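Hi,

Here is the structure I promised to pass on. Have a look at it first, and then read my notes underneath.

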Amino acid sequence: MTDYNGAITIVMTLLKSNREITENAIFEKVEMVKSMLSTESSQDKIDWELLKRDVESRCNVKMGKGAILEDQEISHKIWLPSRKSSIEWKFWNRYKRYLEEEKGWSYKLIMGIDSLTDQILERLEDPQREGPWDRRGMAVGQVQSGKTANYTGLICKAVDSGYKLIIVLAGQHKSLRSQTQARLDMEFLGFDTRMNRAFNQENLKIGVGKLIGQKLLPVNSLTSSDDNGDFTKKIASQGAVMIGSDPILLVVKKNKSVLKNLLNWATSIHGVLNEKGVKIVSEIPLLLIDDEADNASINTNGTPVDENRKVLDDCDATAINGLIRQLLNSFEKTAYIGYTATPFGNIFIMPSVESDKYGDDLFPKNFIINLPAPSNHIGPAKVFGLDTYEQAGIKEEEGISIIRIVNDFEELIPTNHKKYHEPLMIPESLKKAIKCFVISCAARAARKQEKEHNSMLIHVTRYTHVQMKIYDLVKEELEFIRRRIEYGDGGSKDNLIEELEYIWKEDYVKTTEAVKRQIQDPKIIDVEWEDVKRNLFNTVAKINVKLINGTANDLLDYDSYSEGGSFIAIGGDKLSRGLTLEGLSISYYLRASRMYDTLMQMGRWFGYRPGYADLCRLYTSEELVTWYKYITMASEELRNDLNYMAALNKTPEDYGLRVRTHPGELLITAVNKMRNGTPMKLSYAGHIIETVVFNIDDPTVEHNFKVLSQFIQQMGTPEDETQYRPLHGNFLWNNVPTKYIIDLLNEIIIHPDSRKANPKILIDYIEAQMEINELKMWSVCLVSSNKKSARHCNIGSCSVGLTQRRKPKEDLEKYSMANGRLISPADELIDLSEDQIERARQEMYEKTGKRPDVPSGRYIRNIRSSKTGLLIIYPLDNSHEFADTVKPVVGLAFSFPGSENARTVDYKVNNIYWEQEFGVFND
């Protein structure tokens, strides 16, 4: 540990005791440490102003809570709370120390990952529990947001609690597998597996194993971080390692032969025949982590179904999917969790697929957790921005000013070039991007980040031959720049240093000013051109050009550069998924894909850029920027849907996932991953929109009650019961002007977690329908409970029995519907005649073969006139939950009629959503 790192660790430790970490608190602790080290010569080497900014930057980072969809499976036993105090958290505590002392994470950030990994671990099964048991889950994070750190923490805790075999499926390329293993060597094993895979106190200690006073913890690996260190039968047979004693880690590729070897090893050496004659590994709890779970793991053969959408028995699986399922099916105790940033393919897995040969498919039936990105993460929304999309509850967000449009590449590197295309030179825009990389590296050095790694990404083709040509041309250009910086411009009329200075002043200075307004990072400091200029030669001399593809032997071996390495990485597929580029600042990206997930995974420029986000640049085409903006919106909508459903306490199998389809050429994911999806146009037409989460603070409750009372008085005398079905004590108004509904929505306060009931979105939709002569009038029902136990309240001129709903989870800040629904299904019938209701029954019978007294809500809404909507108002009695609340909470349900002319958005929906929409579930 350097003197600087030692000092910053002490400061961060002292700040743990502060409830709030302010700028003054940081200043006090820095001065305290400075005083403590005043007698040591080392303190003179420390830049204390830089250190203070570094601490401020780390302490500014915040992490939200994870939203979780989970099943209510009674077979799962809640176990972690009762065992937590008795578990000796050796691996987790060691990893926690490493994050704090070596990675420089703030205490709050470490507590955030501690909480998130606990949330995942407790939804796995207790490894000490008798089998058989099987748990399936998925963690959804942002691209380059720290998913590996999360599952490393999960592995540590799983091993501490008793899981004996940990298998990590790490992509399809050996470079990604090797990088993942190296990371786990450093942060979980504590020793270098290139030297020795088995646990030995003489192993070369690295990472967590080198912490002061820390002994190696017993754990073995049957794979190594060597480029060829994947699992083989030969390695397994040579080792003296047996499953069941010390924990074992395997980091393997998603490769057919590797997975076959692994399956054969596990079952042949450790398997016991069960009553069906199948070899099962018993008493050995397995945790299988599927990194990039949307890649290769999905059964792209599709799942044949009958006319009732039931899975046929003779369905087959693709090789990787089948082997993963067979591996899980061969263990008595299993926990599977997939990690992905792009779950677009995973949501189309049918949840009910199983077979004797393969076992259950990989649908995350038990839980899905939305991993929040820390506040300092530079994700798609921060790079590309977000346009307002109110129907999905998405607010406008301005992207940071780092995108530079490229429009000079088509002649030299055509979009549809052939496999053996021969570019004669590189575009001027790429030459400028290389110069910007030199400037960015020099600027980081001027900010005293000279020992940090720097990377540039060039990704313009999938063809290795063309990559080689680009590699040669880039090396030539870099060497030309290097010579001119070292020896001057000679007889050239163009002065390179003057050109670099012009780029600095016209681009970098302005961009830094803009980025500082957009993101809060104290480490982004202004530097003068002369400081940058002084670092140009040392910077350019350090840069290496690397060809990263299957035909090259180049590696991005950052660990070999203790003083900071600088690389220009040129490649294709190997750079497009999972592989981390340290200190990535300049990206030159022209490679076109028309799939959401592929495009998002290619975005290596997402991630963490402490102290240099303003020095980053993304050179790409205008078309790709447009596509990325659209995909960013689709991703945000997907996450919003997950959060919304989690607020309703829904399960993964209830989750009616929807992914917007692009109106032009983009695909959600590979076509074969969407075989089980159904195209659908969706809007509010024919939908019920309910408030299901409520503010319970007294001022809001009082305000909403006052707004409701005025609304009721404004409508006048309610209808009698002569024309319609009996009102059963409820109050009904017909032919209410739409303006009254809009005025109500403008005044009422609706909790933001009732996302689909966003007042602004509802108003926009209603007004749009009015323009086409629909939703001109409304029926309004004020629900009054006739239960003897109902508490009564006067609302306007109406004495109303307050509605009670099943007791929700305890929450002192909000009141949520326990089952995620507000309405009673029969209430949507209140303004319909018997003839209309019979028509709804008949339509449902024709579609489903069912004829209930109360048709599903969709069929009720389809027979309603498109000119008339229904608003159902529920005064809710929550006094049994919150005794200090006097007035009722106001619940609203908007029943929108079907419409052939309504505004629509195109979606691809999975089978669960299809079932929910078409009456399998009563809504």
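Below is what I found, starting with a sheet and its helices and ending with some strands further along.

First, the small print: this is a predicted model, where local features need pLDDT of at least 70, side-chain atom pairs count only at pLDDT 80 or more, and totals for chains, interfaces and linings use all residues. Residues are numbered from 1 along each chain as its sequence is written, and side-chain values use heavy atoms, with hydrogens and water left out. Helices (H or I, at least four residues) and strands (E, at least two) are DSSP runs, numbered from the N terminus.

Now the sheet. Eight strands make an open sheet with mixed pairing, in the order β1-β10-β2-β9-β8-β3-β5-β4; two strands pair if DSSP finds at least two bridges between them. At the edges sit β1 (67-70) and β4 (220-221), each pairing on one side only. Inside that order, β2 (residues 133-140) runs parallel to β9 (residues 333-340), with eight bridges joining them. R135 is found opposite A335 in β9.

Two helices go with these strands. Helix α8 (residues 174-189) packs on the sheet and touches β3 (165-170), β4 and β5 (248-252), its direction making about 155° with that of β5. Contact here means heavy atoms within 4.5 Å, and axes are lines fitted to C-alpha atoms, for helices over the stretch in contact, with angles from 0 to 180 degrees between N-to-C directions. Helix α6 lies across β1, β9 and β10 (367-370), at about 170° to β10.

α6 (residues 107-121) also meets α7 (residues 147-161): their axes come within 9 Å and cross at roughly 60°. That is why α6 counts as oblique to α7 (under 35 degrees is roughly parallel, over 145 roughly antiparallel, 65 to 115 roughly perpendicular, and the rest oblique). Among the residues in contact are I113 and L116 of α6 and G153 and L154 of α7.

Further along, β23 (residues 731-737) is mostly covered, with five of its seven residues buried (under 20% relative accessible area; exposed is over 50%, partly exposed in between, with a 1.4 Å probe and protein chains only). β23 pairs with β24 (residues 777-782) in the antiparallel sense over five bridges, and P737 stands opposite M777.

Last, which side chains of β25 (residues 792-795) are buried? C793 and I795, which point to one face, while H792 and N794 point to the other and are not buried. β25 and β26 form a hairpin with two residues between them, and G796 in the turn has a positive phi of about 60°.

Cheers
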